[in-house]
Amino acid sequence: MSDFQLYLQLGFQHITDVNGYDHILFVIALCAVYRPSDWKKLAILVTAFTLGHSVTLALATLQIITYRTEVIEFLIPITIFLTCVLNFFHKSVDSTRFQKEKSSSLRYPMAMTFGLIHGMGFSNYLRSLLGKEESLLNPLLAFNVGLELGQLLIVMFTLVISFLILEVFRAKKHDWNLILSGMVAGVALTLIASAEYFQELMGK
């Protein structure tokens with residue numbers, strides 16, 4: 001296995017690892033308002049997220065920027081919760097099957113901006129893998145490609161579940177969005193409350 005393949009695999013495994021479910025939750029939150037027929041919009045949205053986290057992943061891995069890890073671990077669930085809040089205000093129309101969803105134009109810059117925060121979360125893991133690598137360009141590129149492939153897999157899985165809920169069980173799109181976003185928001189609030197930095201802010 002080449003170094004490129006190795007880091008691609010590591011990036012894929014990192015985003016799909018259930019132990020790092022905060023990033024998985026964010027991708028699910030991005031998907032919540034969309035229908036399976038909106039897969040192209042979602043692919044663009046996830047790519048915007050990838051562009052965002054690629055920037056800070058590179059800068060943090062190269063140690064051009066520094067940050068407190070506990071602050072990033074606090075901010076990541078906040079990005080998840082805010083995405084869910086935006087979902088709550090999304091209005092779905094259930095008059096026709098396989099219709100396209102009209103989503104807010106804010107979602108694309110939001111995904112890219114929140115990607116900047118998630119990129120710093122990814123960088124700790126990547127930096128621990130790099131060791132004394134002479135060139136960081138190939139590992140960074142491969143890791144990002146692996147992350148993108150993993151995110152697209154999560155999107156596909158979420159859309160399959162949505163298809164079953166909406167088309168097989170005939171649930172209303174608006175209801176499904178509220179249920180899925182509500183569950184993700186609940187977990188995000190738990191992560192926020194248990195974050196070390198939040199405990200520090202609360203003086204505990």
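A residue counts as exposed when its relative accessible area is over 50%, and as buried when that area is under 20%. With these cut-offs in mind, the tour below moves through a predicted model, from the whole chain to single residues and back to the interior.

**The whole chain**

Start with everything selected and coloured by confidence: the average pLDDT is 91, and 94% of the residues score at least 70. Within the chain, confidence is lowest in α5, although its mean there is still given as 92, and highest in α7, at 97. Switch to a cartoon view and you should find eight helices and zero strands. Rotating the C-alpha trace along its principal axes shows a span of about 60 × 50 × 30 Å. The radius of gyration is 18 Å, which agrees with the value near 17 Å that a compact globule of 204 residues would have. Of those 204 residues, 44% count as buried, and among contacts with a separation of 6 or more, 85% join residues 24 or more positions apart.

**Two loop residues with positive phi**

Select glutamine 63 next, in the loop between α3 (39-61) and α4 (69-88). Its phi is near 60 degrees, a positive value in a residue other than glycine. Is glutamine 63 buried or exposed? Its relative accessible area is 58%, so glutamine 63 is exposed.

Now move to arginine 170, which sits in the loop between α6 (137-168) and α7 (173-194). Arginine 170 likewise is not a glycine and has a positive phi, of about 60 degrees. Because its relative accessibility is 55%, arginine 170 too counts as exposed.

**Helix α7 and its two faces**

From arginine 170, continue into α7 and show the whole helix. The 22 residues of α7 should span 32 Å at 1.5 Å a residue, and the distance between its end C-alpha atoms, 32 Å, agrees with this. Which residues of α7 are buried? Select Lys173, Trp176, Asn177, Leu180, Ser181, Val184, Ala185, Ala188, Leu191 and Ile192 to see them. These residues cover an arc of only 150 degrees around the axis, and therefore lie on the same side of α7. On the face turned away from that buried side, look for the exposed residues Thr190 and Ser194. To see what covers the buried residues of α7, display the surrounding elements, which include α2 (21-31), α4, α6 and α8 (196-201).

**The largest nonpolar core**

Val184 of α7 leads inward, since Val184 is one of the residues with the most contacts inside the largest nonpolar core, along with Leu42, Leu57, Ile80, Leu126, Phe143 and Val155. This core has 46 residues, and α1 (3-16), α2, α3, α4, α5 (107-130), α6 and α7 each supply at least two of them.

Centre the view on leucine 42 and display what surrounds it. Leaving aside neighbours within four places in sequence, leucine 42 is in contact with Leu30, Cys31, Tyr34, Val155 and Leu159.

**Threonine 83, a buried residue of α4**

The last stop is threonine 83, in helix α4. Threonine 83 is buried, because its relative accessible area is 0%. Which residues beyond four places in sequence are in contact with threonine 83? Select Phe26, Ala29, Leu30, Arg107, Met110 and Phe114 to show these partners of threonine 83. Leu30 appears here for a second time, being in contact with leucine 42 and also with threonine 83.

Methods: Residues are numbered from 1 along each chain as its sequence is written. This is a predicted model: local features need pLDDT of at least 70, side-chain atom pairs count only at pLDDT 80 or more; totals for chains, interfaces and linings use all residues. Side-chain values use heavy atoms; hydrogens and water are left out. Helices (H or I, at least four residues) and strands (E, at least two) are DSSP runs, numbered from the N terminus. Buried means under 20% relative accessible area, exposed over 50%, partly exposed in between (1.4 Å probe, protein chains only). The expected span of a helix is 1.5 Å times one less than its number of residues. The arc is that of the directions from the helix axis to the C-beta atoms. Contact means heavy atoms within 4.5 Å. A nonpolar core is a set of buried Ala, Val, Leu, Ile, Met, Phe, Trp, Tyr and Cys residues joined through side-chain atoms within 4.5 Å. pLDDT is the predictor's confidence in each residue, from 0 to 100. The radius of gyration is taken over C-alpha atoms; the globule rule is 2.2 Å times the number of residues to the power 0.38.
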